[in-house]
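Student: I have a structure open and would like to reason about it with you, value by value. Could you show it to both of us before we begin?

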Amino acid sequence: MLYSVLGIPMTLLLLTGLVQHLMYYVHWVPIAYIHTHWRLPMPVVARIHALVIGSIVATCFFLIPAAAFMALEKGWDYTESLYFCFISLSTIGLGDYVPGKSRYPSLQHLYKVGIA
């Protein structure tokens, strides 16, 4: 009860403050630098910035983990691994693909902890 009354709001306040501080360095500094040094219009710079950030997020959360799952799971190709990453991160979790049958049985426990 105490956690739900105090812990969750305090965590949300902490995360909000952290994101506000990071937004300056992730959003405003690169856009202002490109606009100033490359003399590109702000709308063009904003689109380029959105594409770069979107590409980084897609690579870090979908493409690289999918390649790792493809390498570690028996019988999964890249499309199935990418599908698993999307379903898991969107919290749908249909259960049609379940990791845990690693090609390396000696690392089975470490692998299951890493997935969680």
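Student: What share of the area that the chain exposes do carbon and sulfur atoms supply?

Tutor: Good place to start. The chain exposes about 8900 Å², and 75% of that comes from carbon and sulfur atoms. Do keep in mind that this is a predicted model.

Student: How do you know how confident the predictor was, and where is confidence lowest and highest in the chain?

Tutor: Look at pLDDT, which is the predictor's confidence in each residue, from 0 to 100. The chain has a mean pLDDT of 88, and 91% of its residues reach 70 or more. Helix α2 (residues 42–72) has the highest confidence, at a mean of 94, while helix α4 (residues 108–115) has the lowest, at 70. As a general caution, predicted coordinates should not be read in detail where pLDDT is low.

Student: What makes up the secondary structure of the chain?

Tutor: Four helices and zero strands. Following the sequence, you read the pattern α-α-α-α.

Student: How do you know how the chain compares with a compact globule of 116 residues?

Tutor: Set the two radii of gyration side by side. A compact globule of that length would be near 13 Å, but the chain has 20 Å. For the extents, the C-alpha trace spans about 55 × 45 × 25 Å along its principal axes.

Student: What percentage of the residues count as buried?

Tutor: Of the 116 residues, 16% do. As for contacts between residues at least 6 apart in sequence, 32% join residues at least 24 apart.

Student: And how far apart are the mean positions of the positive and negative charges?

Tutor: They are 12 Å apart, taken over 6 positive and 4 negative charges.

Student: Let's go to single residues. Why is His 49 called buried?

Tutor: His 49 sits in helix α2. Its relative accessible area is 12%, and buried means under 20%, so His 49 meets the cut-off. Beyond neighbours within four places in sequence, His 49 is in contact with Val 26, His 27, Pro 30 and Ile 31.

Student: His 27 is on that list. Is His 27 buried or partly exposed?

Tutor: Partly exposed: His 27 has a relative accessible area of 24%, and the class covers values between 20% and 50%. His 27 lies in helix α1. The C-alpha atoms of His 27 and Ala 50 are separated by 9.2 Å, with their positions 23 residues apart along the chain.

Student: Why does Ile 48 count as partly exposed?

Tutor: Ile 48, in helix α2, has 33% relative accessibility. That value falls between the 20% and 50% cut-offs, so Ile 48 counts as partly exposed. If you want a distance to check, Ile 48 and Phe 61 are 20 Å apart, C-alpha to C-alpha, and 13 residues apart in sequence.

Student: What makes Phe 84 count as buried?

Tutor: Phe 84 belongs to helix α3. Its relative accessibility is 11%, and the cut-off for buried is under 20%, so Phe 84 qualifies. Leaving out residues up to four places away in sequence, Phe 84 touches Phe 69, Trp 76, Tyr 97 and Pro 99. By contrast, 33 Å separates the C-alpha atoms of Phe 84 and His 21, which are 63 residues apart along the chain.

Student: What makes the phi of Arg 39 worth a remark?

Tutor: Most residues other than glycine have a negative phi. Arg 39 is not a glycine, yet its phi is positive, about 60°. You will find Arg 39 in the loop between α1 (2–38) and α2. Arg 39 counts as exposed because its relative accessibility is 69%, and exposed means over 50%.

Student: How do you know whether Thr 91 is buried or exposed?

Tutor: Use the cut-off again: exposed means over 50%. Thr 91 has a relative accessible area of 69%, so Thr 91 is exposed. Thr 91 lies in the loop between α3 (78–89) and α4. Thr 91 also has a positive phi of about 60°, although it is not a glycine.

Key:
Residues are numbered from 1 along each chain as its sequence is written. This is a predicted model: local features need pLDDT of at least 70, side-chain atom pairs count only at pLDDT 80 or more; totals for chains, interfaces and linings use all residues. Side-chain values use heavy atoms; hydrogens and water are left out. Helices (H or I, at least four residues) and strands (E, at least two) are DSSP runs, numbered from the N terminus. The radius of gyration is taken over C-alpha atoms; the globule rule is 2.2 Å times the number of residues to the power 0.38. Buried means under 20% relative accessible area, exposed over 50%, partly exposed in between (1.4 Å probe, protein chains only). Contact means heavy atoms within 4.5 Å. Accessible areas come from the Shrake-Rupley method with a 1.4 Å probe; for residues, only the protein chains shown count as cover. Lys and Arg count as positive and Asp and Glu as negative; His and the chain ends are not counted. The place of a charge is taken as NZ of Lys, CZ of Arg, CG of Asp or CD of Glu.
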